[in-house]
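Subject: Structure for your review

Dear colleague,

Please find below the structure that I agreed to hand over. My findings follow it, and I would ask you to read them with the structure open.

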Amino acid sequence: MTPCAKSTVATVIPCLRYRDVAAAISWLCAAFGFERHLVAEDEEGKIVHAQLRFGNGMVMLGPASDAHSDFNRFMKQPDQVGGETQAPYVVVNDADSLYARAQAAGAEIVIPLHDEAYGGRGFSCRDPEGHLWYFGTYDPWGEAHSR
């Protein structure tokens, strides 16, 4: 293990900002199967930070405004930059069933379900606020892929 990395469940956690954090949480849970881990609100009841789990992975969500964090001023929404500059890759057991679930929830499919040349099966889609996601069965930690 890299000496800088802490020995914990997951050491890389994508952070995404949403204009409507509550709606994003509900949609991500319904469309992709994320589970609420922590939802923190300010004194006015607005969500200022959220953590959603997926297996042993996690994403952190926050509001798309500079008001709640110095970090936010460095973040832009996909529609502000003409697309996305990063995308979480989420390892799944069954890409076909998640693909159907994402379609039913209204995800914008940008790359349809397909088999990858390097192994695995997956697809890419956008959530309602335009964030790009990639879901696939390719497991880079799998024994066949380790060095």
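Helices α1 and α3 are oblique to each other. In this predicted model, the angle between helix α1 (residues 21-32) and helix α3 (residues 95-104) is about 140°, and their axes lie 8 Å apart. Angles over 145 degrees would count as roughly antiparallel, and those from 65 to 115 as roughly perpendicular, so an angle that falls into none of the named ranges is called oblique. Both values are given because two packed helices are described by the angle between their axes and the distance between the axes.

Which residues form this contact? From α1 come Cys 29, Ala 30, Ala 31 and Phe 32, and they meet Leu 98, Arg 101 and Ala 102 of α3. Of the residues in the contact of α1 with α3, 6 are nonpolar, 1 is charged and none is polar.

Helix α3 deserves further attention. Its buried residues include Ala 95, Leu 98, Tyr 99 and Ala 102. These residues lie on the same side of α3, because the arc they cover around the axis is only 105°. The general background is that an α-helix has 3.6 residues a turn, so residues three or four places apart point the same way. Among the elements that cover the buried residues of α3 are α1, β6 (108-115), β7 (121-126) and β8 (132-136).

The surroundings of α3 can also be described. At the N-terminal end, Asp 94 caps the helix, with a side-chain oxygen 3.1 Å from the backbone nitrogen of Asp 96. After α3 comes Gly 106, which has a positive phi, near 90°.

Four individual residues complete the findings.

Gln 77 sits in the loop between β4 (57-63) and α2 (78-81). Is Gln 77 buried or exposed? Its relative accessibility is 3%, so Gln 77 counts as buried. Leaving aside residues up to four places away in sequence, Gln 77 touches Arg 17, Tyr 18, Arg 19, Ala 64, Glu 129 and His 131. Although Gln 77 and Arg 17 are 60 residues apart along the chain, 7.2 Å separates their C-alpha atoms.

Ala 67 also belongs to the loop between β4 and α2. With a relative accessible area of 69%, Ala 67 is exposed. Between the C-alpha atoms of Ala 67 and Val 48 there are 9.5 Å in space, and in sequence the two are 19 residues apart.

Gln 51 is part of strand β3 (residues 47-54). Its relative accessible area is 14%, and Gln 51 is therefore buried. A polar contact of 2.9 Å links the side chain of Gln 51 to the side chain of His 49. Beyond four places in sequence, the residues that Gln 51 touches include Glu 35, Arg 36, His 37 and Leu 38, as well as Met 58, Val 59 and Met 60.

Tyr 134 lies in strand β8. Tyr 134 is buried, since its relative accessible area is 16% and buried means under 20%. Which side chain does Tyr 134 join through a polar contact of 2.3 Å? The partner is the side chain of Glu 116. Residues up to four places away in sequence not counted, Tyr 134 touches, among others, Pro 88, Tyr 89, Val 90, His 114, Tyr 118 and Phe 123. The C-alpha atoms of Tyr 134 and Ala 40 are 27 Å apart, with their positions 94 residues apart along the chain.

Yours sincerely

Conventions
Residues are numbered from 1 along each chain as its sequence is written. This is a predicted model: local features need pLDDT of at least 70, side-chain atom pairs count only at pLDDT 80 or more; totals for chains, interfaces and linings use all residues. Side-chain values use heavy atoms; hydrogens and water are left out. Axes are lines fitted to C-alpha atoms, for helices over the stretch in contact, and angles run from 0 to 180 degrees between N-to-C directions. Helices (H or I, at least four residues) and strands (E, at least two) are DSSP runs, numbered from the N terminus. Angles under 35 degrees count as roughly parallel, over 145 as roughly antiparallel, 65 to 115 as roughly perpendicular and the rest as oblique. Contact means heavy atoms within 4.5 Å. Ala, Val, Leu, Ile, Met, Phe, Trp, Tyr, Cys and Pro count as nonpolar, Asp, Glu, Lys and Arg as charged, and the others, Gly among them, as polar. Buried means under 20% relative accessible area, exposed over 50%, partly exposed in between (1.4 Å probe, protein chains only). The arc is that of the directions from the helix axis to the C-beta atoms. A polar contact is a pair of N or O atoms within 3.5 Å; within protein, one must be able to donate a hydrogen and the other to accept it, and residues adjacent in sequence count only if both atoms are side-chain atoms.
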